[in-house]
Amino acid sequence: MKNPSGWAVWSSLAMLTSRRVLRTFAAVVAALAMTFAVAAPAHAADGSDWRLIRLVELNPGTTEEEMQTALEEAAVELGISYDEMLDQALAQADEAVEVDPCLPDEDEPLPDPEPEPAGFAIACSSTSPGVVNLGSGRYKGDIFHSWARTAKVVHNHVGIYYNTSTVVEAPGGTTNSRSVSASTHRVQLPVYKLSVSTTQTNRDIAANYAYNNLRNKAYDSNFAFNKTSSATKLNCSELVWRAYKKSTANIDLSWSWDPFAVYPNDIKGSSKTVTYYTRTS
């Protein structure tokens, strides 16, 4: 066997070195790719996180950008991760509201309601059976709860009785929060009237607070963070919650564990409210 020439030895060494360099370079590139993939935020600014998209869908009128900002601020306040905060907010929204794909657009009439089998929620069961005049409350400070939706999201509606014949509410859209006559106020069925389990003095305090401080406010579309938002904008459950919580009555009508959100159904389901009137047709 012939001894290899110097050129052959040099060529072999060069090839071996090049392969090692290539393998090392590929390993470095792969490691960097994995590092950046792990470091990339789950809450991408392009809204690719389905949970964020879903939370915005359940709060019609909000945007992904403003919801993401609210989530980030809330996560810092609670000392938890953004993902934990998003999961918590979405779980509360999913429990409190319903998306019904069978609902028509808001400028179309509601379809006739279909019967719902006992103990079984079907997709197209959330339509209102009609519209009625609200009528008087029993006490000043009472609350009404009625069926309501925005687009295809059924979130329901609440307001507070300033006196037995006048209610204060945040109706939504471009209409500011206001006081209206209960006898002519049109609401969608079913309608419930609730009394707060406290003294009449506290009910009076809450009703006066709503009338004096919470009217003529623009609408706040974000229910997911309405407890911590400023009172410059209000949604319906925020108005009622603030009337009792932020006044000297200091009663929290939300039943949920979420420190940031209060939805209309939270107030109806609160341990501090009692339903004394129900109308379904």
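This is a dialogue between a biologist who is new to the structure and a modeller who explains how to read the model, which is predicted.

Biologist: Let me start with the whole chain. How many helices and strands does the chain have?

Modeller: There are seven helices and twelve strands. The chain has 281 residues, and 41% of them count as buried. You can also ask how contacts are spread along the sequence. Among contacts with a separation of 6 or more, 65% are between residues 24 or more positions apart.

Biologist: How do I check a helix, and what span should helix H4 have?

Modeller: Work from the rise of 1.5 Å a residue. H4 covers residues 82-96, and its 15 residues should span 21 Å; the end C-alpha atoms are 21 Å apart, so the expectation and the model agree.

Biologist: Which residues of H4 are buried, and what covers them?

Modeller: The buried residues of H4 include Tyr82, Met85, Leu86, Leu90 and Ala96. Their cover includes helix H2 (50-57), helix H3 (64-78) and helix H7 (264-268).

Biologist: Asp83 is in H4 too. Is Asp83 buried, exposed or partly exposed, and on what grounds?

Modeller: Asp83 has a relative accessibility of 29%, so it counts as partly exposed. Try comparing sequence and space here as well: Asp83 and Arg51 are 32 residues apart in sequence, while their C-alpha atoms are 9.3 Å apart.

Biologist: Now the strands. In what order do S1, S4 and S5 stand in their sheet?

Modeller: The three strands form an open sheet in the order S1-S5-S4, with antiparallel pairing. Strand S1 (98-99) and strand S4 (149-150) are at the edges with a single partner strand each, so one side of each has no neighbour in the sheet. S4 pairs with strand S5 (residues 153-154) over two bridges, and Arg149 is opposite Val154 in S5.

Biologist: What should I know about side chains in a strand?

Modeller: As a general idea, the side chains of a regular strand alternate between the two faces of the sheet.

Biologist: How many residues of strand S6 are buried, and which strands pair with S6?

Modeller: Strand S6 (residues 157-163) has five of its seven residues buried, so the rest of the structure largely encloses this strand. Strand S3 (residues 143-147) pairs with S6 in the antiparallel sense over four bridges, and Ile143 has Ile160 in S6 as its bridge partner. S6 also runs antiparallel to strand S7 (residues 166-169), with three bridges between them. One of the bridge pairs is Asn163 with Thr166 in S7. A hairpin of two residues connects S6 to S7.

Biologist: Let me ask about charged residues. Where is Arg203, and what is the nearest side chain of opposite charge?

Modeller: Arg203 is in helix H5 (residues 200-213). Arg203 is buried and has no salt bridge; Asp142 has the nearest side chain of opposite charge, 4.7 Å away. The side chain of Arg203 does make a polar contact of 2.7 Å with the side chain of Gln200. Beyond four places in sequence, the contacts of Arg203 include Tyr139, Ser195, Thr198 and Tyr244.

Biologist: And Glu238, is it buried or exposed?

Modeller: Glu238, in helix H6 (residues 236-245), has a relative accessible area of 0%, so it is buried. Outside its neighbours within four places in sequence, Glu238 is in contact with residues including Asp220, Asn226, Lys233 and Val262.

Definitions and conventions. Residues are numbered from 1 along each chain as its sequence is written. This is a predicted model: local features need pLDDT of at least 70, side-chain atom pairs count only at pLDDT 80 or more; totals for chains, interfaces and linings use all residues. Side-chain values use heavy atoms; hydrogens and water are left out. Buried means under 20% relative accessible area, exposed over 50%, partly exposed in between (1.4 Å probe, protein chains only). Lys and Arg count as positive and Asp and Glu as negative; His and the chain ends are not counted. A salt bridge is a side-chain nitrogen of Lys or Arg within 4 Å of a carboxyl oxygen of Asp or Glu. A polar contact is a pair of N or O atoms within 3.5 Å; within protein, one must be able to donate a hydrogen and the other to accept it, and residues adjacent in sequence count only if both atoms are side-chain atoms. Contact means heavy atoms within 4.5 Å. The expected span of a helix is 1.5 Å times one less than its number of residues. Two strands pair if DSSP finds at least two bridges between them.
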